[in-house]
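I had some time at the bench computer, so I pulled up this entry to go through its sheet and its empty spaces. My notes follow.

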Amino acid sequence: MRRVTMALVLLAFGTVVAAGKGAPLFDGKTLTGWKQLGGAADYKVIDGAIVGSSRPGVPNSFLVTEKDYGDFILEFDVRQDVGPTNSGMQFRSLSTPEFENGRVHGYQADIDPSERQWSGGIYEEAQRGWFYTGEMNPPGKALYQFGRWNHYRIEALGPRLRVWINDGPAADVIDDVTKRGFFGLQVHSINTPDEAGRTVSWRNLVVETTHLKRKPPMGIFIRNNLPNNLDPEERAQGWRLLWDGKTSKGWRSAQAAGFPAAGWSMANGELAVQSKGGGGDIMSEEEFDAFELQMEFKLSAGANSGIFYLLTSPHDPASGAPLGLEYQILDDERHPDAKLGIDGNRTLASLYDIYPRAALKTNVGVAPKIDVWQHARIVVRADGSVEHWLNGVKVLEFNRRSDDYRAHVAVSKFKSTPGFGTAARGRILLQDHGDAVAFRSIKIRPLT
């Protein structure tokens, strides 16, 4: 019954697209209006669909529209039948001599039938990497069905970029870097000869560019890349800015009254620690219990810092550190702290000196970076469970009321601190470790 229902739904989607108000990008017979960039994968028209086939030894290939588009609503069907292989739909994308001799770059709605299931996620090809992963919207991971026609809808209206698969919400991003570009059908490079000949098929490609009407709010996590911006839909989800992007309101020195007179700056929308500035740690004036916290941070080479939460005291007499849990901020490659501790529990996004973060695959665009903005997210629930996220991926989960947590604390530098990390509520602290680190888009929402 499930298969029959899905087939009827997809058939209905195909009918709607064919009868839609937009203009077709593909005439169903030829590749008129398209050109190929990048690698030399095979693109052919077969039975009213554009079929791209992988070839060994060639880089990512793209069949792109000759025309560029700004604001639009794009709908299309996509199908894969022979072996799962990564693909994607480029939008607002570019190919210019100035960028890596014409390499295709720009936004991509992912087509990912692998075990990872990040279909519908938004990736910036050849540039900043993942904005929205499948982990950020777990129900969306099951939307794409391998071996069947799947219907995509992409809305790009101003900086708002949203993706649906089979009418289910997949990704919601706000980013204003690229405002116009082409569409592109990706055939991904392959790693082994047995992957040759795997196909991706597209049909019913229809785009609307006038009288655009956006769908209602998706009700999923919103990744907002606009610095210190709070979208009305974020506010409706309970988010608020913990730093206003301009003043020291809501923040104070951890060691003295008022905000540090030196060592910290607030220019250009960045709450920045100056190298060897001597300003000391800063902390929120408010305390929080169950909450979700997110922010962007930027590390200089070799830098060390931290995001402390559930902070009860700026100084723990037993360990000498601020008395709270620490989301470690570190340049793992250059700072010696990354090799200290136990099993990497002092690396970026770890719970400092207690739990290491999970290993990150460098090929998925979420690995640690230097001198670019990265995204941190911390979830603290009333039941004691805590999550650390880095660039859209959950890299650590633990419960601070568990026996396992207490066992890890017992072999850490906090072993002499009674009840370390078990406080019901506390402040947020940003650490000045003497290195240049910047923060922005600091947002928080309560969890009940």
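How do the residues lining the second largest cavity divide into nonpolar, polar and charged? I went through them by class: no nonpolar, four polar and three charged. A caveat for myself: this is a predicted model.

**Second largest cavity**

I listed the lining next: R223, N224, Q294, E296, H375, S441 and K443. I then checked which elements give two or more residues to this lining, and got β16 (223–224), β22 (291–299) and β29 (437–446). The volume came out at about 40 Å³.

**Largest cavity**

I asked how many cavities of 30 Å³ or more the structure holds, and the count is two. The largest has about 50 Å³ of space. I wrote down its lining as W118, S119, G120, G121, T133, G134, N137, G140, K141 and A170. By class I get two nonpolar, seven polar and one charged. Glycines go in with the polar residues in this scheme, so G120, G121, G134 and G140 from the lining sit in that class.

**Second largest pocket**

I moved on to the open spaces and looked at the second largest pocket, with a volume of about 290 Å³. Its lining has 17 residues. Which of them lie nearest the centre? I found R128, F131, R223, E296 and W373 there. Two of these names I had already met: R223 and E296 are also in the lining of the second largest cavity. Sorting the pocket lining by class gave six nonpolar, four polar and seven charged residues.

**The seven-stranded sheet**

Last, I traced an open sheet of seven strands. I read the order as β2-β5-β14-β7-β8-β9-β10, and the pairing is antiparallel. Which strands are at the edges? They are β2 (34–38) and β10 (129–132), each pairing on one side only. From one strand to the next, I noted an average twist of 30°.

I stayed on the β2 edge for a closer look. Its partner is β5 (residues 61–65), running antiparallel to β2, and five bridges join the two. To fix the register I picked one position: Q36 stands opposite L63 in β5.

**Recap for the next session**

For the cavities, I have about 50 Å³ in the largest and about 40 Å³ in the second largest. For the sheet, I have β2 and β10 as the edge strands.

Notes. Residues are numbered from 1 along each chain as its sequence is written. This is a predicted model: local features need pLDDT of at least 70, side-chain atom pairs count only at pLDDT 80 or more; totals for chains, interfaces and linings use all residues. Side-chain values use heavy atoms; hydrogens and water are left out. Two strands pair if DSSP finds at least two bridges between them. Helices (H or I, at least four residues) and strands (E, at least two) are DSSP runs, numbered from the N terminus. Axes are lines fitted to C-alpha atoms, for helices over the stretch in contact, and angles run from 0 to 180 degrees between N-to-C directions. On a 1 Å grid over the protein atoms alone, a cavity is a set of points where a 1.4 Å probe fits but cannot get out, and a pocket is an open set with protein on both sides within 12 Å along at least five of seven lines; lining residues have an atom within 4 Å of a point. Grid points are joined across faces, edges and corners, and a volume is the space filled by probe spheres set on the points.
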